[in-house]
Amino acid sequence: MLATSSSVDPQFREDVLRGLSSLPRAIPARWLYDSRGSELFDDITRLASYYPTATETRLLERIMPEVAKAVGAGRTVVEFGAGSLTKTPILLRAVDALRYVPVDISGDYLREAAEGLAGEFPDLDIHPVEANFGEAMDLPDSAHGEKVLGFFPGSTIGNFVPWSATNLLRHFRTTLGTGALLLIGMDRVKPVERLVAAYDEPEGVTAAFNLNLLDRINRELDGTIPVGSFVHEARWNDIMSRIEMHLVATADVTFEVAGRSFAMAAGESIHSENSHKYGPRGGRLLLLAGGWTPIREWTDAAGDFSLILAEA
Ligand code: AVJ
(Lines give C-alpha, C1' and ligand atoms only; values in the text may rest on other atoms or scores of the structure.)
Protein backbone atom coordinates (compact mmCIF):
# COMPACT_ATOMS: atom_id res chain seq x y z
CA MET A 1 0.00 0.00 0.00
CA LEU A 2 2.89 2.34 0.68
CA ALA A 3 3.95 2.15 -2.93
CA THR A 4 0.58 3.35 -4.18
CA SER A 5 0.12 6.00 -1.49
CA SER A 6 3.46 7.61 -2.21
CA SER A 7 2.64 8.08 -5.91
CA VAL A 8 -0.69 9.80 -5.22
CA ASP A 9 -1.25 13.36 -6.29
CA PRO A 10 -1.56 15.33 -3.02
CA GLN A 11 -4.13 17.55 -4.70
CA PHE A 12 -6.33 14.51 -5.34
CA ARG A 13 -6.16 13.54 -1.67
CA GLU A 14 -6.95 17.10 -0.59
CA ASP A 15 -9.85 17.53 -3.04
CA VAL A 16 -11.39 14.17 -2.10
CA LEU A 17 -11.09 14.67 1.66
CA ARG A 18 -12.46 18.19 1.46
CA GLY A 19 -15.19 17.13 -0.97
CA LEU A 20 -16.38 14.25 1.22
CA SER A 21 -16.38 16.46 4.33
CA SER A 22 -18.41 19.33 2.88
CA LEU A 23 -22.16 19.42 2.40
CA PRO A 24 -23.31 18.98 -0.29
CA ARG A 25 -20.46 16.53 -0.98
CA ALA A 26 -18.68 17.34 -4.23
CA ILE A 27 -15.43 16.27 -5.88
CA PRO A 28 -13.99 18.27 -8.83
CA ALA A 29 -14.72 16.62 -12.18
CA ARG A 30 -11.11 16.54 -13.34
CA TRP A 31 -10.48 13.52 -11.08
CA LEU A 32 -12.81 11.41 -13.22
CA TYR A 33 -10.05 11.21 -15.83
CA ASP A 34 -7.48 8.66 -14.72
CA SER A 35 -6.44 6.24 -17.45
CA ARG A 36 -9.55 4.07 -16.94
CA GLY A 37 -11.76 7.16 -16.80
CA SER A 38 -10.26 8.53 -20.01
CA GLU A 39 -10.89 5.19 -21.72
CA LEU A 40 -14.50 5.18 -20.54
CA PHE A 41 -14.99 8.78 -21.67
CA ASP A 42 -13.70 7.74 -25.07
CA ASP A 43 -16.36 5.00 -25.12
CA ILE A 44 -18.99 7.59 -24.15
CA THR A 45 -18.15 9.70 -27.19
CA ARG A 46 -19.14 6.76 -29.41
CA LEU A 47 -22.57 6.24 -27.80
CA ALA A 48 -25.55 7.12 -29.97
CA SER A 49 -27.20 8.99 -27.09
CA TYR A 50 -24.09 11.11 -26.42
CA TYR A 51 -24.73 13.57 -29.25
CA PRO A 52 -22.08 16.26 -28.48
CA THR A 53 -19.03 14.57 -30.04
CA ALA A 54 -20.60 13.49 -33.32
CA THR A 55 -22.55 16.74 -33.66
CA GLU A 56 -19.53 18.94 -33.04
CA THR A 57 -17.35 16.90 -35.42
CA ARG A 58 -19.90 17.17 -38.25
CA LEU A 59 -20.37 20.86 -37.53
CA LEU A 60 -16.61 21.47 -37.63
CA GLU A 61 -16.39 19.74 -41.00
CA ARG A 62 -19.24 21.80 -42.38
CA ILE A 63 -18.01 25.22 -41.23
CA MET A 64 -14.31 24.79 -41.97
CA PRO A 65 -14.31 26.77 -45.22
CA GLU A 66 -15.85 29.73 -43.36
CA VAL A 67 -13.51 29.36 -40.39
CA ALA A 68 -10.52 29.20 -42.73
CA LYS A 69 -11.66 32.40 -44.42
CA ALA A 70 -12.11 34.20 -41.10
CA VAL A 71 -8.87 32.93 -39.60
CA GLY A 72 -6.47 32.99 -42.53
CA ALA A 73 -3.60 30.59 -43.16
CA GLY A 74 -0.35 30.07 -41.25
CA ARG A 75 -1.59 30.20 -37.68
CA THR A 76 -0.25 28.60 -34.56
CA VAL A 77 -3.10 26.51 -33.16
CA VAL A 78 -3.09 26.19 -29.36
CA GLU A 79 -5.42 23.47 -28.13
CA PHE A 80 -6.42 23.39 -24.47
CA GLY A 81 -6.72 19.75 -23.48
CA ALA A 82 -4.74 17.45 -25.75
CA GLY A 83 -6.26 16.92 -29.09
CA SER A 84 -9.11 14.78 -30.04
CA LEU A 85 -7.55 12.94 -32.92
CA THR A 86 -10.75 13.21 -34.90
CA LYS A 87 -11.49 16.93 -34.42
CA THR A 88 -8.01 18.46 -34.38
CA PRO A 89 -6.91 17.31 -37.87
CA ILE A 90 -10.03 18.84 -39.39
CA LEU A 91 -9.03 22.25 -38.06
CA LEU A 92 -5.29 21.95 -38.70
CA ARG A 93 -5.85 20.99 -42.31
CA ALA A 94 -8.50 23.61 -43.04
CA VAL A 95 -6.56 26.55 -41.62
CA ASP A 96 -3.25 25.26 -42.96
CA ALA A 97 -1.67 25.60 -39.52
CA LEU A 98 2.07 26.21 -39.23
CA ARG A 99 2.38 25.16 -35.63
CA TYR A 100 0.36 23.10 -33.18
CA VAL A 101 0.67 23.53 -29.42
CA PRO A 102 -1.42 20.96 -27.52
CA VAL A 103 -1.63 21.73 -23.79
CA ASP A 104 -2.56 18.88 -21.47
CA ILE A 105 -1.89 17.71 -17.95
CA SER A 106 -1.25 14.15 -19.11
CA GLY A 107 2.13 13.67 -20.76
CA ASP A 108 1.08 10.24 -22.05
CA TYR A 109 -1.95 11.65 -23.78
CA LEU A 110 0.14 14.47 -25.27
CA ARG A 111 2.73 12.12 -26.69
CA GLU A 112 0.01 9.97 -28.25
CA ALA A 113 -1.68 13.00 -29.78
CA ALA A 114 1.62 14.39 -31.06
CA GLU A 115 2.70 11.08 -32.57
CA GLY A 116 -0.67 10.53 -34.18
CA LEU A 117 -0.53 13.94 -35.84
CA ALA A 118 3.13 13.92 -36.86
CA GLY A 119 2.48 11.11 -39.34
CA GLU A 120 -0.50 12.86 -40.82
CA PHE A 121 1.10 16.36 -40.94
CA PRO A 122 4.80 15.92 -41.69
CA ASP A 123 5.40 19.68 -42.12
CA LEU A 124 3.58 20.73 -38.97
CA ASP A 125 5.69 22.09 -36.14
CA ILE A 126 4.35 20.35 -33.00
CA HIS A 127 5.16 21.76 -29.54
CA PRO A 128 3.39 19.75 -26.82
CA VAL A 129 3.15 21.52 -23.46
CA GLU A 130 2.57 19.43 -20.36
CA ALA A 131 0.57 21.71 -18.09
CA ASN A 132 -2.78 22.20 -16.42
CA PHE A 133 -4.45 24.64 -18.81
CA GLY A 134 -6.34 26.19 -15.89
CA GLU A 135 -3.12 27.52 -14.41
CA ALA A 136 -0.32 29.80 -15.58
CA MET A 137 1.73 28.02 -18.22
CA ASP A 138 4.82 28.59 -20.32
CA LEU A 139 4.03 28.52 -24.00
CA PRO A 140 6.48 29.01 -26.86
CA ASP A 141 6.68 32.63 -28.13
CA SER A 142 4.88 31.59 -31.29
CA ALA A 143 1.81 30.84 -29.17
CA HIS A 144 1.20 34.51 -28.42
CA GLY A 145 -0.32 37.24 -30.56
CA GLU A 146 -2.07 37.85 -33.82
CA LYS A 147 -1.19 34.65 -35.62
CA VAL A 148 -2.63 32.46 -32.87
CA LEU A 149 -5.84 30.47 -32.87
CA GLY A 150 -6.93 28.93 -29.56
CA PHE A 151 -9.06 25.80 -29.85
CA PHE A 152 -11.24 24.61 -26.98
CA PRO A 153 -13.70 22.04 -28.37
CA GLY A 154 -15.88 19.41 -26.72
CA SER A 155 -17.86 21.80 -24.51
CA THR A 156 -15.18 21.32 -21.85
CA ILE A 157 -15.98 24.91 -20.81
CA GLY A 158 -19.28 23.43 -19.54
CA ASN A 159 -17.43 21.64 -16.76
CA PHE A 160 -16.66 24.98 -15.14
CA VAL A 161 -19.21 26.97 -13.18
CA PRO A 162 -19.62 30.31 -15.00
CA TRP A 163 -17.58 32.16 -12.39
CA SER A 164 -14.56 29.94 -13.00
CA ALA A 165 -15.35 29.62 -16.73
CA THR A 166 -14.90 33.38 -17.13
CA ASN A 167 -11.67 33.20 -15.14
CA LEU A 168 -10.47 30.44 -17.44
CA LEU A 169 -11.39 32.46 -20.56
CA ARG A 170 -9.55 35.50 -19.21
CA HIS A 171 -6.56 33.34 -18.48
CA PHE A 172 -6.67 32.06 -22.09
CA ARG A 173 -6.80 35.67 -23.24
CA THR A 174 -3.77 36.66 -21.20
CA THR A 175 -1.90 33.58 -22.38
CA LEU A 176 -2.71 33.95 -26.08
CA GLY A 177 -2.50 37.73 -26.22
CA THR A 178 -4.29 40.57 -27.99
CA GLY A 179 -5.34 39.78 -31.53
CA ALA A 180 -5.55 36.04 -30.91
CA LEU A 181 -8.68 34.17 -31.96
CA LEU A 182 -10.49 31.42 -30.09
CA LEU A 183 -12.73 28.69 -31.52
CA ILE A 184 -14.77 27.22 -28.70
CA GLY A 185 -17.45 24.52 -28.58
CA MET A 186 -20.47 24.87 -26.31
CA ASP A 187 -23.32 22.48 -25.79
CA ARG A 188 -26.77 24.04 -26.07
CA VAL A 189 -29.77 23.87 -23.76
CA LYS A 190 -32.31 21.36 -25.11
CA PRO A 191 -35.22 19.28 -23.84
CA VAL A 192 -34.42 17.65 -20.51
CA GLU A 193 -35.14 14.13 -21.75
CA ARG A 194 -32.39 14.32 -24.36
CA LEU A 195 -29.93 15.87 -21.94
CA VAL A 196 -30.53 13.22 -19.31
CA ALA A 197 -30.40 10.45 -21.94
CA ALA A 198 -26.95 11.69 -23.03
CA TYR A 199 -25.63 11.33 -19.48
CA ASP A 200 -27.49 8.20 -18.33
CA GLU A 201 -27.89 5.70 -21.14
CA PRO A 202 -28.99 2.05 -21.09
CA GLU A 203 -25.47 0.84 -22.00
CA GLY A 204 -24.25 2.04 -18.58
CA VAL A 205 -20.97 3.46 -19.84
CA THR A 206 -21.52 6.86 -18.19
CA ALA A 207 -22.46 5.05 -14.97
CA ALA A 208 -19.17 3.11 -15.13
CA PHE A 209 -17.31 6.37 -15.87
CA ASN A 210 -18.82 8.02 -12.80
CA LEU A 211 -18.45 5.00 -10.49
CA ASN A 212 -14.79 4.67 -11.54
CA LEU A 213 -14.14 7.74 -9.38
CA LEU A 214 -14.98 5.65 -6.30
CA ASP A 215 -12.72 2.81 -7.46
CA ARG A 216 -9.96 5.34 -8.01
CA ILE A 217 -10.39 6.74 -4.50
CA ASN A 218 -10.27 3.21 -3.06
CA ARG A 219 -7.20 2.35 -5.10
CA GLU A 220 -5.17 5.52 -4.67
CA LEU A 221 -6.28 6.76 -1.27
CA ASP A 222 -6.62 3.48 0.65
CA GLY A 223 -10.40 3.78 0.56
CA THR A 224 -13.03 1.29 1.66
CA ILE A 225 -16.00 2.82 -0.17
CA PRO A 226 -18.58 0.08 -0.86
CA VAL A 227 -18.88 0.90 -4.56
CA GLY A 228 -21.79 -1.57 -4.98
CA SER A 229 -23.87 0.61 -2.64
CA PHE A 230 -23.69 3.59 -5.01
CA VAL A 231 -25.54 4.30 -8.23
CA HIS A 232 -24.94 6.83 -10.98
CA GLU A 233 -27.48 9.61 -11.44
CA ALA A 234 -27.68 12.36 -14.07
CA ARG A 235 -29.80 15.32 -12.90
CA TRP A 236 -30.86 18.41 -14.78
CA ASN A 237 -30.46 21.48 -12.56
CA ASP A 238 -32.71 23.95 -14.33
CA ILE A 239 -31.95 27.12 -12.41
CA MET A 240 -28.21 26.57 -12.94
CA SER A 241 -28.70 25.31 -16.52
CA ARG A 242 -26.57 22.24 -16.09
CA ILE A 243 -26.47 18.47 -16.03
CA GLU A 244 -25.04 17.20 -12.79
CA MET A 245 -23.58 13.77 -12.26
CA HIS A 246 -24.04 12.33 -8.79
CA LEU A 247 -22.97 9.16 -7.04
CA VAL A 248 -25.96 8.31 -4.86
CA ALA A 249 -25.73 5.99 -1.85
CA THR A 250 -28.45 3.31 -2.00
CA ALA A 251 -28.00 2.36 1.69
CA ASP A 252 -26.57 3.91 4.85
CA VAL A 253 -22.82 3.49 4.44
CA THR A 254 -19.66 4.12 6.42
CA PHE A 255 -16.19 3.99 4.94
CA GLU A 256 -12.64 5.23 5.29
CA VAL A 257 -10.52 7.26 2.92
CA ALA A 258 -6.85 8.06 3.67
CA GLY A 259 -7.40 7.11 7.30
CA ARG A 260 -10.47 9.28 7.83
CA SER A 261 -13.99 7.98 8.48
CA PHE A 262 -17.08 9.05 6.60
CA ALA A 263 -20.78 8.22 6.85
CA MET A 264 -23.53 8.76 4.32
CA ALA A 265 -27.24 8.06 4.65
CA ALA A 266 -29.18 6.27 1.92
CA GLY A 267 -30.17 8.80 -0.77
CA GLU A 268 -27.28 11.19 -0.08
CA SER A 269 -24.89 11.84 -2.94
CA ILE A 270 -21.43 12.87 -3.99
CA HIS A 271 -21.65 15.46 -6.76
CA SER A 272 -18.97 14.53 -9.30
CA GLU A 273 -19.47 16.68 -12.41
CA ASN A 274 -21.25 19.71 -13.84
CA SER A 275 -21.94 20.11 -17.53
CA HIS A 276 -23.35 23.58 -18.17
CA LYS A 277 -25.55 24.13 -21.21
CA TYR A 278 -25.85 27.51 -22.87
CA GLY A 279 -28.40 29.28 -25.02
CA PRO A 280 -27.13 31.46 -27.90
CA ARG A 281 -27.08 34.70 -25.93
CA GLY A 282 -25.74 33.05 -22.79
CA GLY A 283 -22.81 31.43 -24.57
CA ARG A 284 -21.74 34.68 -26.21
CA LEU A 285 -22.22 36.62 -22.98
CA LEU A 286 -19.97 34.13 -21.20
CA LEU A 287 -17.27 34.84 -23.78
CA LEU A 288 -17.71 38.60 -23.44
CA ALA A 289 -17.49 38.32 -19.66
CA GLY A 290 -14.25 36.37 -20.14
CA GLY A 291 -12.71 39.10 -22.32
CA TRP A 292 -13.44 37.61 -25.76
CA THR A 293 -15.51 39.34 -28.44
CA PRO A 294 -17.65 36.90 -30.43
CA ILE A 295 -17.24 37.27 -34.18
CA ARG A 296 -19.33 34.40 -35.51
CA GLU A 297 -21.37 31.54 -34.19
CA TRP A 298 -22.34 28.35 -36.00
CA THR A 299 -24.71 25.58 -34.94
CA ASP A 300 -25.92 22.32 -36.45
CA ALA A 301 -29.36 22.36 -38.07
CA ALA A 302 -31.06 21.14 -34.89
CA GLY A 303 -29.29 23.78 -32.78
CA ASP A 304 -27.88 21.10 -30.49
CA PHE A 305 -24.30 22.33 -30.35
CA SER A 306 -22.51 25.56 -31.16
CA LEU A 307 -19.05 26.66 -32.19
CA ILE A 308 -18.16 30.28 -31.56
CA LEU A 309 -15.23 32.20 -33.02
CA ALA A 310 -14.11 35.05 -30.79
CA GLU A 311 -11.33 37.62 -30.74
CA ALA A 312 -9.16 38.73 -27.83
C1 AVJ B 1 -15.84 16.18 -21.62
C2 AVJ B 1 -16.77 17.59 -19.98
C3 AVJ B 1 -17.47 17.79 -22.23
O4 AVJ B 1 -19.68 17.25 -19.86
O5 AVJ B 1 -20.37 16.28 -21.67
C6 AVJ B 1 -19.63 13.08 -20.67
C7 AVJ B 1 -17.91 14.85 -19.90
N8 AVJ B 1 -19.46 13.44 -18.57
N9 AVJ B 1 -20.49 12.28 -20.03
C10 AVJ B 1 -19.51 16.49 -20.83
C11 AVJ B 1 -18.97 13.82 -19.73
C12 AVJ B 1 -20.38 12.49 -18.77
C13 AVJ B 1 -18.15 15.83 -21.01
N14 AVJ B 1 -17.08 16.83 -21.19
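This is a short talk on the fold, the cores, the ligand shell and a few individual residues of one protein chain.

Good morning. Please keep in mind throughout that the model is predicted.

Let me begin with the chain as a whole. The protein chain contains 10 helices and 14 strands. Along the principal axes, its C-alpha atoms fill a box of roughly 60 × 45 × 35 Å. Does the radius of gyration agree or disagree with that of a compact globule? For 312 residues, such a globule would have a radius near 20 Å, and the protein chain has 20 Å, so the two agree. Of the 312 residues, 36% are buried. Consider next the contacts with a separation of 6 or more: 70% of them are between residues 24 or more positions apart.

I turn now to the interior. In soluble globular proteins, nonpolar side chains tend to be buried together. Here, the largest nonpolar core has 46 residues. Which of its members touch the most others? They are Leu182 and Leu183. If we set aside residues up to four places away in sequence, Leu183 touches Val67, Leu149, Phe151, Leu307 and Leu309. There is also a second, separate core, made of 30 residues, and among them are Leu40, Ala207, Ile217 and Ile270.

Next, the ligand. Which residues are around it? Following the sequence, we meet Ile44 and Pro52, then Gly154, Ser155, Thr156, Gly158 and Asn159, and after these Tyr199, Thr206, Glu273 and Ser275. Sorted by class, this shell has 3 nonpolar, 7 polar and 1 charged residues.

Two helices deserve a closer look, and the first is α5. Helix α5 spans residues 87–94, and Thr88, Leu91 and Leu92 are buried in it. Where do these buried residues sit around the helix axis? Viewed down the axis of α5, they fall within an arc of 100°, so they line one face of the helix. The elements that cover them include the helices α4 (51–71) and α6 (107–120). The cover also includes the strands β2 (76–80), β3 (99–104) and β6 (148–152). Just after α5 comes Asp96, which takes a positive phi of about 50°.

The second helix is α8, residues 192–199, whose buried residues are Leu195, Ala198 and Tyr199. Around the axis they cover an arc of only 90°, which puts them on the same side of α8. Their packing partners are α4, α9 (205–220), β8 (230–237) and β9 (242–249). Tyr199 therefore appears twice in this talk: it is one of the buried residues of α8, and it is also among the residues around the ligand.

I would like to finish with some features of the backbone and a few single residues. A cis peptide bond joins Leu23 and Pro24, with omega about -5°. Pro24 lies in the loop between α2 (10–21) and β1 (25–26).

Let us return to Asp96. Although Asp96 is not a glycine, its phi is positive, at about 50°. Asp96 belongs to the loop between α5 and β3. Is Asp96 buried or partly exposed? It has 14 C-beta neighbours inside 10 Å, and therefore counts as partly exposed. Asp222 has a positive phi of about 50° as well, and it is not a glycine either. The loop that holds Asp222 runs between α9 and β8. With 16 other C-beta atoms within 10 Å, Asp222 is partly exposed.

In helix α9 itself we find Arg219. Arg219 has 14 C-beta neighbours inside 10 Å, so this residue counts as partly exposed. From Arg219 to Arg58 there are 161 residues in sequence, and 38 Å in space from C-alpha to C-alpha.

My last residue is Met137, placed in the loop between β5 (129–130) and β6. Because Met137 has 15 C-beta neighbours inside 10 Å, it counts as partly exposed. Which residues does Met137 contact, leaving aside neighbours within four places in sequence? The contacts are with Val103, Val129, Ala131 and Thr175. Glu203, by comparison, is 66 residues from Met137 in sequence and 39 Å from it in space, C-alpha to C-alpha.

Thank you for your attention.

Key: Residues numbered from 1 in each chain as written. Predicted model: local features only at pLDDT ≥ 70, side-chain atom pairs only at ≥ 80, totals over all residues. Helix = DSSP H or I, 4+ residues; strand = E, 2+ residues; numbered from the N terminus. Rg over C-alpha atoms; globule rule 2.2 N^0.38 Å. Buried ≥ 20, exposed ≤ 12 C-beta atoms within 10 Å, placed from the backbone. Contact = placed C-beta atoms within 7 Å. Core = buried A, V, L, I, M, F, W, Y, C linked by C-beta atoms within 7 Å. Near = placed C-beta within 6 Å. Nonpolar A, V, L, I, M, F, W, Y, C, P; charged D, E, K, R; others polar. Arc of directions from axis to C-beta.
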